[in-house]
Every structure is written in structure tokens, then in C-alpha cells.
Amino acid sequence: MRNEEAEIRRHIEKLVEGLQAKDPDALRPLYAPDIVSFDVQPPLQHVGVEAKLKNWEPVFTGFETVRYEIRDLTLTVGDDLAFGHAFGRLGGTLKAGTAIDGMWVRVTYCLRKTGDGWLITHDQVSVPLDIATGKGVVDLEP
């Protein structure tokens, strides 16, 4: 399974590289055609690779440069299914010139092995919730 884990880690690295390059065509082959994504942006779910890529559009159009970081990626790998969790942070320089560090979010990946290798079939991104205020807590760091 060590080779499978290395392959999945490289898959996630390609995701980071594609985001930083603002290249949706580099991201497309990383996702299963029927991916279900629960992201921090509405709606509650994005279904299908086109919806997932559309979800990344504001990043590509709103940022001049993109910095995306994954920290503490932990994987559990089976024969044809795997899941992982990590912390992710999106930052960079906005088109208006403002540099932002971004916020840390929690990320979960579910992957399926196909004839073409591993594909992300589900991802979920979240922030902790302050129950008293009903607002997301976005100033935490891993």
C-alpha cells in the first residue's frame, strides 16, 4: 500500500499545483465525473466535475496569484478506496492587489481507484462553528 499512498499524495500535489496555476484543465482529470463536493461556499453540495470546477471559478477570476497549502495530510488506503484528511489554506494576491493569507479549513478526501488511477469522488471542506453565535470560526491555525 506504500506505493498507493505515494500515488495519492502525488494526486493531491497535482491538485495544489493546478489551483496555484489557476488551471481548471489540470484539475479536471483529478476528480471523478460524478464527484460530490461539500464545500464552504453555497449550495450545500456540488455534484459532478463541472459543478466542482465552477466552484473554483471565483478563485481563478478573483485572484491574480493563488497560493494553496495542504498540511498534515493523513491517508487510509484500501485496495480501491481511500480517504484522507488534512488542513488546507487558500491565499494569494487578489486582482485588486491585496495580499491575503487566507484561512485554515478542514478538508476530507474520498478517492476511488479506477483504470486511470485514483480519482477524488468526494471532498468536504469545513470550518468549526461557534455554537453561541452561529458563525464559522476562521481564525484558527493547525
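Student: What volume does the largest pocket have, and what makes a space a pocket rather than a cavity?

Tutor: The largest pocket has a volume of about 370 Å³, a volume being the space filled by probe spheres set on grid points joined across faces, edges and corners. On a 1 Å grid over the protein atoms alone, a pocket is an open set of points with protein on both sides within 12 Å along at least five of seven lines, whereas in a cavity a 1.4 Å probe fits but cannot get out. The model is predicted, so local features need pLDDT of at least 70 and side-chain atom pairs pLDDT 80 or more, while totals for chains, interfaces and linings use all residues. Residues are numbered from 1 along each chain as its sequence is written, and side-chain values use heavy atoms, without hydrogens and water.

Student: Which residues lie closest to the centre of the largest pocket, and which element gives the most to the lining?

Tutor: There are 22 lining residues (an atom within 4 Å of a point), and D39, V40, W56, Y68 and L90 are the closest to the centre. Helix α3 gives the most, with five residues. At least two residues each come from α3 (49–62), β3 (63–77), β4 (81–94), β6 (104–114) and β7 (117–126); helices are DSSP runs of H or I, at least four residues, and strands runs of E, at least two, numbered from the N terminus. The lining divides into 15 nonpolar, three polar and four charged residues.

Student: Why is K52 called buried or exposed?

Tutor: K52, in helix α3, has 1% relative accessibility and therefore counts as buried (under 20%; exposed is over 50%, partly exposed in between, with a 1.4 Å probe and protein chains only). Its side chain makes a polar contact of 2.9 Å with that of D123, and K52 also touches Y31, I35, S37, D39 and H46, among residues over four places away in sequence.

Student: What makes V137 buried, partly exposed or exposed?

Tutor: V137 has a relative accessible area of 22%, so V137 is partly exposed. This residue follows β9 (135–136). Beyond its neighbours within four places in sequence, V137 is in contact (heavy atoms within 4.5 Å) with V127, P128, L129 and D130.

Student: How do you know whether the length of helix α1 agrees with its expected span?

Tutor: The expected span is 1.5 Å times one less than the number of residues. For the 19 residues of α1 (residues 2–20) this should be 27 Å, and the end C-alpha atoms are 27 Å apart, so the two agree. Just after α1, K22 takes a positive phi of about 55 degrees.

Note on methods:
Nonpolar A, V, L, I, M, F, W, Y, C, P; charged D, E, K, R; others polar. Polar contact = N/O pair within 3.5 Å; in protein donor to acceptor, adjacent residues only side chain to side chain.
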